[in-house]
Amino acid sequence: MDTRNSSIKGKAYEYACVLALQEIITPIRKIELERNESLRIARSRYEDDISDEERSEMLLSAKAGIETIIEMEPKIVEDGRDTLTVCLQPDSVAEQAGDIRDILVIRRNIKWEIGISVKHNHAALKHSRLSQNIDFGEKWFGVSCSQDYFDEIKPIFSKLADWKNNKKLWRDLDSKEDNVYVPLLTAFANEFRRLNDANDIVDDLIKYLLGSNGNDYYKIIHRRNFTTIMPFNLSGTLNQATATNQPKIYVPTISLPTKIIDLDFKDGFKNTLVLTMDNGWQISFRIHNASSRVEPSLKFDIQLIGQPADLFYIDREW
């Protein structure tokens, strides 16, 4: 799936989740949608840019996800005369503030809200870039990379820039793994270790990778024939009881990592690093070219591959 198509379907699925909230909650309490540009764009993607079959599947998927979240969050449907507000956040909130919650569900009179991160057919934590000018240390956890790092990666990206000027395609290159991926990931890993040795980066790294910015949230992932729901209860604000009802599904507070144990190549792979931390956390960093044409930047596909037992997920078929 190309990037534009993926973005269209992601926005359409956001609107499907809004419709699911509206359909489920309207018979129970008053609900209002915050009218903003994000809602307009998502509605347009859902109504104009996907097929009838995709709309039907997305709505079924969204209902399964929202119904499961309600089992964990009875305050959504608690008896009351106040209004439940649903707000779609602009993409700029994630880009500028690191808050990946796409949908906010708010009860202002009791000063309560939950956030939902919506994903269409992928569970990646981040798609971060590396380039000659990107200071990943500053961007990820607020500590600048060293000049040694930039000196080490400069020849790699200079080669990529030359190949771009010569209109090279990635498939034209001999051994891109050995000539590009391995030296770049080696430089990245060496700098990451240096920064970790000199600073306490774990908390900020987790906030960056999970996109929490200090906020707990639920993640809904649309997949073929089922929906995955993951609670990220990092600071214990999710799963609140009402005066009369306990949540039907218990969501524990997650045991966060406190130290980095290792960062090294995944066995048998030249394009993937694995970060191992305590409390059961493992995260993979797979580098890849986002285009068939050579560009002087590369993307990470960052995935959570090991997690503590209290970070769980639920799959709901539909």
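In which loop is the place of Lys167? Lys167 sits between α6 (147–165) and α7 (176–198). Please keep in mind as you look around that this is a predicted model.

**Two residues with positive phi**

Lys167 is worth a look for its backbone: its phi is near 60°, a positive value in a residue other than glycine. Asn279 also has a positive phi, of about 60°, although it is not a glycine. You will find Asn279 in the loop between β9 (272–277) and β10 (282–288). Is Lys167 buried or exposed? Because its relative accessibility is 63%, and exposed means over 50%, Lys167 counts as exposed. Asn279, with a relative accessible area of 38%, is partly exposed. Here are the accessibility values, with Leu130 added from further on:

| Residue | Relative accessible area | Class |
|---|---|---|
| Lys167 | 63% | exposed |
| Asn279 | 38% | partly exposed |
| Leu130 | 0% | buried |

**The nonpolar cores**

Moving inward, the largest nonpolar core has 52 residues. Phe136, Trp140 and Phe192 have the most contacts inside this core. Which helix gives the most to it? That is α7, with nine residues. Apart from this core lies another, of 43 residues, with Ile66, Ile69, Ile70 and Ile249 among them. In soluble globular proteins, nonpolar side chains tend to be buried together.

To see the surroundings of one residue of the largest core, follow Phe192. Leaving out residues up to four places away in sequence, Phe192 touches Phe136, Phe141, Ile201, Leu205, Ile260, Leu263 and Leu275.

**Leu130 and Asp135**

Leu130 belongs to strand β5 (residues 129–131). With a relative accessible area of 0%, Leu130 is buried. Not counting neighbours within four places in sequence, its contacts include Phe136, Tyr149, Phe157, Leu184 and Phe188, and also Ile287, Ser297, Leu298 and Phe300. If you would like a distance to check in your viewer, Leu130 and Ala94 are 18 Å apart, C-alpha to C-alpha, and 36 residues apart in sequence.

Further along the chain, Asp135 lies in the loop between β5 and α5 (136–141). How far away is the nearest side chain of opposite charge to Asp135? That side chain is Lys139, 10 Å away. A salt bridge needs the charged atoms within 4 Å, so Lys139 does not form one with Asp135. Asp135 is buried all the same. With residues up to four places away in sequence set aside, Asp135 touches Val143, Ser144, Cys145 and Phe150.

How values were computed. Residues are numbered from 1 along each chain as its sequence is written. This is a predicted model: local features need pLDDT of at least 70, side-chain atom pairs count only at pLDDT 80 or more; totals for chains, interfaces and linings use all residues. Side-chain values use heavy atoms; hydrogens and water are left out. Helices (H or I, at least four residues) and strands (E, at least two) are DSSP runs, numbered from the N terminus. Buried means under 20% relative accessible area, exposed over 50%, partly exposed in between (1.4 Å probe, protein chains only). A nonpolar core is a set of buried Ala, Val, Leu, Ile, Met, Phe, Trp, Tyr and Cys residues joined through side-chain atoms within 4.5 Å. Contact means heavy atoms within 4.5 Å. Lys and Arg count as positive and Asp and Glu as negative; His and the chain ends are not counted.
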